[in-house]
Structures are given as structure tokens and as C-alpha cells.
Amino acid sequence: MAPKLPPQPPLQHSTTAVADGQAHGHAAPPKGIWRWLLTTNHKEIGTLYLIFSLTMFFIGGIFALVVRAELFQPGLQLIEPEFFNQMTTMHGLIMVFAAVMPAFTGLANWMIPLQIGAPDMALPRLNNFSFWLLPVAFTLLLSTLFMPGGGPNFGWTFYAPLSTNYGPPSTTFFILALHIAGISSILGAINIIATILNMRAPGMRLMDMPLFVWTWLVTAFLLIAVMPVLAGVITMMLMDINFGTSFFNAAGGGDPVLFQHLFWFFGHPEVYIMILPAFGIVSAIIPTFARKPLFGYASMVYATAAIALLSFLVWAHHMFVVGLPLVAELFFMYSTMLIAVPTGVKVFNWITTLFRGSISFESPMLFALAFVVLFTIGGFSGLMLAIAPADFQYHDTYFVVAHFHYVLVPGAIFAIMAGVYYWLPKWTGHYPNERLAQWHFWFSVIGVNLTFFPMHFAGLAGMPRRIPDYALQFADFNLLSSIGAFFFGASQLLFVLGVILCVRGGKKAPAKAWEGAVDLEWSVPSPAPLHTFETPPVFHRAST
Amino acid sequence: MHSWWRWLSVISLAMGISQAQANGWNMPIGVTDTSGDIYGLHMTIFWICVVIGVLVFGAMFYSLFRYRYSKGAKASHFHEHTGVEVLWTVIPLLILVGMAVPATATLKDMYDSSDAELDVMVTGQQWRWRYEYLGEDVAFTSNMSTPRAQISGEETRGEHYLLEVDEPLVLPINRKIRLLMTSDDVIHSWWVPDLAVKQDSIPGFINENWVKINEPGIYRGQCAELCGIDHGFMPVVVHAMEEAAFEDWLIGRKEAAAEKAMGVDREWAMAELAERGESVYQSICSSCHQVDGQGSPPAFPALANNEQLISDVDWHIDKVLNGVSGAAMPAFRSTLNPVEIAAVVTYTRNAWGNDTGDVVQPSTVAEQISE
């Protein structure tokens, strides 16, 4: 593997801004656990977020493997339907709220100050608080599995009244956990906006910012807009469960469909919260390894903003079969189809960036290219799902499961992994082991497609989602998916191994670890000292 | 033949493009005009995606191959062009408009349930369907008939494993039938792929859909919205008949219902009631309270050795008739007839060590219903 990659840039022994971080001013940081509990440093907090996210990725992954093990063949072999429902629910909740979102926040913490030439996040103590809320929230959420009646068993979408009048007693704890995670997200988003708007290096205009910063700016506004809606809807659930209200209880004059409107008004922007920062990462990596500036920077920014605005107008495409009026169906069908336009612009821009570049295939680039292809496949099935009449057949089947896993796993998660391989030299001062990374990449690509591609067929053939047992005609598809899932899961151990080895040692990386990299983070030494840009750098616009 | 070409044919065959219909890898064309229209939309948008995919990925892989650093490619530095940005905004927009036109027409048609000749009320219940032929005085519940022993693997699984019911919904072909959907408890979704009908059944709402079946046959589907433990065991079976056969069936069904409900006034023996009660219990109650009456607390309490149940027969009848508010137990006063309720209560009071010796007569239940 890893044939003929270009030589990595030589180590420079220049000393511009090198390692003077510890040299003055600050008291020595506390030792041991207190250092991590009390840290206000964006790099350390970024690391905490990333470690937390990786841990949760494995916990959520184990839940998925329990599900796939049960679905390996028809019949009930390993677990009861009750536990199966808890596993699908917890898998979704953990992956969305504890793995993907914190991973992006972790990358934001590390990279946004470095990419805009800021010494730290604008609100460092708030930053610490935002992070430490997360372990509390998810310890609480995971503990519901051990409570009488078990954990949440109503799907990650927790539709009322299944989650209210018919939910397990632990639902109140689930609500509390989600509240805490939501507060963490809102505070994190406020911090990111404050940092980006106030702390850019002198001379850096908004339209000079790297796209990762741009996409995160937009994402942070989305978070602030929709997290309170989630908080509202779960508070209404809390009232229905514990205080005798009937927001969603038809018997008391409430409206179960209202729940879905509120949930998806949060939920649809939420899926863009999980993909916009991925667009930013890919937009950094592709130009670096194509050695050519990103094509259509301005249109990328506008497309990001357009996707964010449209994301508020499409929520009811998750509800095409709840009995909406015809006019609403048409509106949401058209608005959903429109999202394909700015998303297409992004894909076309990435590909035009590759055109007439000088392309090499290091592991970050491989993940970014796989992202472009596989995310686009997820986009195609998304376009199919947008066709409302056809959605009457697709809705709540494995076709939908295939669709959103294509945009989330080889979409969001591959982008995160691309970002990790891309920035590891900056974080640790060492290149990750390229051979290992390439094995990880190829195993992941094979695993992900083996797991999720057959799900398209299972869904079209008529298999509903969230069932613990299935009719015999779906057996072959499920067999393949289960094999793929275990293969994919196991190959992620290579990722952990690669990261650990990279932290412990490896080929030393210079400040500018990749030949084609241009952004400000590559002007500080590798590994980045604890404190960087204490004197703001002068930002030089790339001459165009 | 080149090996890559052989691979490509294997892949496209595997994708079932050539024989999508025959092998159950694709959406069924189905047996209604609507399902055919939807299949057409599905294949149109699919091929649009394929063409775009070939162009886009073709350009991508060409660039990746042609402009390799390892082959000494030198990078250009162009990085914007308003013209192409406009072009690749407008072209997709036009394709989408082209797609939206037929989709809108189909959707309008699907929403027009006027002039229906028969109305059927479909009610979702955890975890069965109840069908009511409005104005015909025929109503019944439809439960999964796959034995639990097949699910656990003790018996060989049958051809229609999990997609078979004790009593299918019977519909005439060539008639427009309006389906009214609601639910007694949580949200369910009634789905039969061959009919292209999927509609949520929601408590407090009555949703409308309609179907006009072109060919007689048996069409199978299942609940599509997560509705609790037995969501996976809530099949839908529709038996579509020639119109004359349907009329005969309807008359026969009315007579059978009358017969079943007979005997409310006579005195029943314990053995008679217990036998009838056991079959009712197996098909209705056992999915929550389990075959052995142990339930799965806290959601589904045990009936075996349940102190309150043993000590208070009126309470017991009341819960079966009216359900438990705020819990999963539904009301059966309209689902089961007095004989069935008396039978299942009698059975429950004398099974699994609940040796109360009580015999609840159908007449007692009928009295409690009329109160």
C-alpha cells in the first residue's frame, strides 16, 4: 500500500514563534486529573472532545453491532424485541449527539483559533463547561439502560405518544440527559460565533476565512436556532409524562403530529449541523492534495448559507405519510428538491478543484475523495426520497436507513477521519503511519459499502426499519449488512491504533506538514505549542 | 473481454437493474394504477441519478487519473468562473422542474379519495389491525398468525413467515375503496407495497387514503412505524377478490359474526369458556402478558398470581372492557364480543395457578357493557 506518495516537506529549524508558549506569564498548569478538569485551553479541550467522541463512537458502534448480530438471520436468536428497540434507539442517540457532534466541536476547538490566528476561544471557561456537561449527559443517558424497564426504546426520533404515555419510566432521565447535551451544544455554538466574529487575525475578512471556519460559523447559527426547539419539545414531553398535560396526548385534546413538526423543525437542520463542518474539512483537504486553490470559494460560502436557510423549510419531508394536506406535501417536496442545487454546486466545485491539479493520495485525501463519492450517492437517494409520491413507498424502510447512513458514515464520519489524519501532524508533531492509515481507509470503504448498500435493496423490496425480525425474502441482504458491519467495526480499531501510535511517536512533521497546505494553522510549529498566536499574525491574502 | 468490463457486468447484474422486477430487489410495480405511477417516478429519478452520477464521477475519476502528482502533473491555478457556477446551478434546477411536474400530478391523484364505493376503517392497535367495513356491520381484528415457535426457531419457518394473519382484509377489485386510518394507542403505519398505500394511523386523527386494485390476489405488508415491542410482528394482509366473490364473502362474514356472538344469554360451562378463552388469550393478550401470564414488568404486568386480579373479579372485567388509562392496556369493549370477554376473563382467572374457580358468564359481561 501507499505507493509513490510525494516526499513529505523537510523539517525546518526556523524558530518563528516556536514554542515560546510556556515561556512566560502563566502559572504552571495543575497536574493529573485537575489539569483536564480545569483546563481552559482550546487545544486541550479540543483533545477532550475528540477522545470523548471516539469513545462514544465505539459504544454506539457496539450497540449497532448488537442490532446487526440479531438481524444476521431471521428469527429471534440473541435478544428480545424490547432490548432490540433500546439498542436501535441508543445507537442513534449516541452516534448523533455524543459521537458526530462532539467530534466536530472538538475539531472546531482545535482548529478554528489556529485557522483564524486567534490565541484561544473567545470564552475559555465557558468552553470548559461546555465540554464537561457532555460526560454528565451521556453517563446519565447510558445509565438508563440499567434502570427498571430499561432505557429509551422508542427510536432516536422519540415520537409521541410512544415516548410519552407509552414510554419506559426512565424517559424522564433521557429528557434530562438531552437537555444537558443541548445546553452544551448551545454554549459551544455561542463560543464559536464569538471567536470567529471577534478574534480573526488583523486583515482577515469574513470572505478570507478558510471554509472549515465558514461552515462552522453557519453551523453554530443553526445550533442556536434549533437546539431551543429541541429543548422545548422535550420539555413538553416532560410535562406530559410527569405533570398531566396533554400536549401530545390525543385523549386529552393534544396532537401527536405537533410533536413531529417540532421534532423535525429541530431535526432537519440537525442533519445539516452534522454535515456542514464536514464540507469545510473536505474543502480544506482537496485543495491541499490537488495543490491547487479551491475552485469557487465564494460560491461555496453562498451554497453553505443557502443549504442552511433551506434546512428550515424542508422539515415535513420526514412526514410525507402522516396525512399532511396536499399543498403542504407539494411545498415540502419542492423545497426539498431545491436543496439538491446548492449541494450539487459544492460537489461540482470540489471536482473542478481536482481538474488540472497535481493530485497525490495521502490518507486524508483518500478519505476526502471517498467522502465526495459516497456522500453524493447518499445525496442521490436523498433526491429520490424527496419525490413525495415515491416516498410513500420508501418511507420508514431500509431505503431510508441506507440513505442517512451513506450521508452520515462515509459522509460525516469519513470527513472527521480525513480531518484527523490531516491535522494529526499539527496536533502531535508526528505523521500518522501512512501504511496503517491506508489499510484503515480501504477496510472502511469496503465495510461501509458492504453494510449499507444492500440496505437499499432490502428497503425497496419492502423491509421496514426498526424491526427485530424479518420475512425470509430479506435474509440475504441482512446477512451481507451484518457481515459488513462487523468488518467495518473491527477495522476502526486500526484507526485507534494509528492515532495512539501517532501520539507516541513517528516521523517528525514540520510546521507545514503538507506541501500544498496554505491556511494559518500551518504557520505554527508542529506540534502546536500550548499557546499560539499570542501576538496576532499578519494575514496575507493569497494573491489572486 | 477485459476483466474490468466483466466486473462491471457483474455489478450491474447484482444491482438488479436488468431484472429488477423478477427477483425482489426493487420496488414492486404493484397492482394499482397508483403503484405503477410511483414505480415509474422511482425509475425515472433513479436513471436521472445514474446519468448524473456517471458524468460527475466520470469527470472526477478522469481528473484523479489524468492529473496525478506521481506522473508529474503540474497544477494550474484557476479558481473561479462565474459562468460555470451559473451553468451548474441552472441545469440541475431545470432537471428538478422536469421531475417535479409528473410527481405533482401523481400526488394530486393520490390525494383524491372522492367517489369511493366502499369505506373501510383501519385502526391500529398494539399490535394488530382492526378493520371495519363502514355501513356493512362487519368488523374484525387481524393478528399475526405466525407461531412463536417459528420465531424462536423451534419450528421450520413457513413461506410467509411474519407476513401471515388469522383474518386478512378482504377487498373487491376494480372498486375505489377509501381507507380511513386511525389508532387506539400509538402511531402505526399501514403499508402494503403492492398497493402503494402507506399511511400513518394516528390516535385522534383520521387519515384518508384510497386504493383501487386491478388484480385479484393476496398482498402482504406490515406496520411501518415503530409502535413498541411487537412492531415487527404486525403484518397486513389484503385478500383482493372478484367483486361477486367479495359480496358472497361479506354476507358470509355477517352471518359468522352473528353466530360467534350468540349464546350471550345462556349459561356457559367452565370448560367451554376456558377453551374459547385460551384461544382469545393466545391471539390477543399473549403478545404483552406472555403465553405463561408472566408479562414483562413494569410495562406489562404479570397476570399469574396477580393479587388484585385474583381478589376482584369486577375490577378484572372492567380493565378488559375499558383498558387502563395512561398505560398500554387497550379497551376491548368494542373489539371483542361479550362471549369472548367472558371467556378470556374466565380463562385468565383459572390459568397458571390462578385457581379462583370463578366462571364469568357472558350475560354478566353484557350487563357491565350496557351500564
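This is a short tour of chain B, its sheet and its contact with chain A, with a last stop on chain A. The model is a predicted one.

**Stop 1: all of chain B**

Select chain B and colour by secondary structure. You should find 10 helices and 10 strands. Next, look at the overall extent. The radius of gyration is 28 Å, while the globule rule gives 21 Å for 371 residues, so chain B is more spread out than a compact globule. Rotate the C-alpha trace of chain B onto its principal axes. The spans there are about 95 × 50 × 45 Å.

How much of chain B is buried? Of its 371 residues, 37% count as buried. Contacts in chain B also reach along the sequence. Taking those with a separation of 6 or more, 64% join residues 24 or more positions apart.

**Stop 2: the open sheet**

Stay in chain B and show strands S1, S2, S3, S5 and S8. These five strands form an open sheet with mixed pairing, in the order S3-S2-S1-S5-S8. Which strands stand at the edges? Select 138-142 for S3 and 207-211 for S8. Each of these two strands in chain B has a single partner strand, so one side of each is left without a neighbour in the sheet. Now view the sheet's twist. On average, neighbouring strands are turned by 25° against each other, direction ignored.

**Stop 3: the S1-S2 pair**

Zoom in on residues 118-125 and 128-133 of chain B. These are strands S1 and S2, and they run antiparallel over six bridges. Turn on backbone hydrogen bonds here, because strands of a sheet pair through them. Then label B:Gln125. Which residue stands opposite B:Gln125? B:Arg128, in S2(B).

**Stop 4: the side facing chain A**

Bring chain A into view. Here 81 residues of chain B are in contact with 81 residues of chain A. To see where the chain B side comes from, select these elements of chain B in turn:

- helix H2, residues 33-66
- helix H3, residues 82-110
- strand S7, residues 197-201
- strand S9, residues 217-222

Each supplies at least two residues of the side that touches chain A. Pause on H3(B), which gives the largest share, 14 residues. Now colour this side of chain B by residue class. The split is 44 nonpolar, 26 polar and 11 charged.

**Stop 5: a span in chain A**

Finish by selecting residues 28-540 of chain A. An unreviewed UniProt entry lists this range as "domain: Cytochrome oxidase subunit I profile". The span is 68% helix and 0% strand. Put a distance between its end C-alpha atoms: they lie 34 Å apart.

Notes:
Residues numbered from 1 in each chain as written. Chains lettered and ligands numbered in written order. Predicted model: local features only at pLDDT ≥ 70, side-chain atom pairs only at ≥ 80, totals over all residues. Pairing = 2+ DSSP bridges. Helix = DSSP H or I, 4+ residues; strand = E, 2+ residues; numbered from the N terminus. Axes fitted to C-alpha atoms, helices over the stretch in contact; angles between N-to-C directions. Rg over C-alpha atoms; globule rule 2.2 N^0.38 Å. Buried ≥ 20, exposed ≤ 12 C-beta atoms within 10 Å, placed from the backbone. Contact = placed C-beta atoms within 7 Å. Nonpolar A, V, L, I, M, F, W, Y, C, P; charged D, E, K, R; others polar. UniProt positions renumbered as here; feature names shortened; annotations may be inferred.
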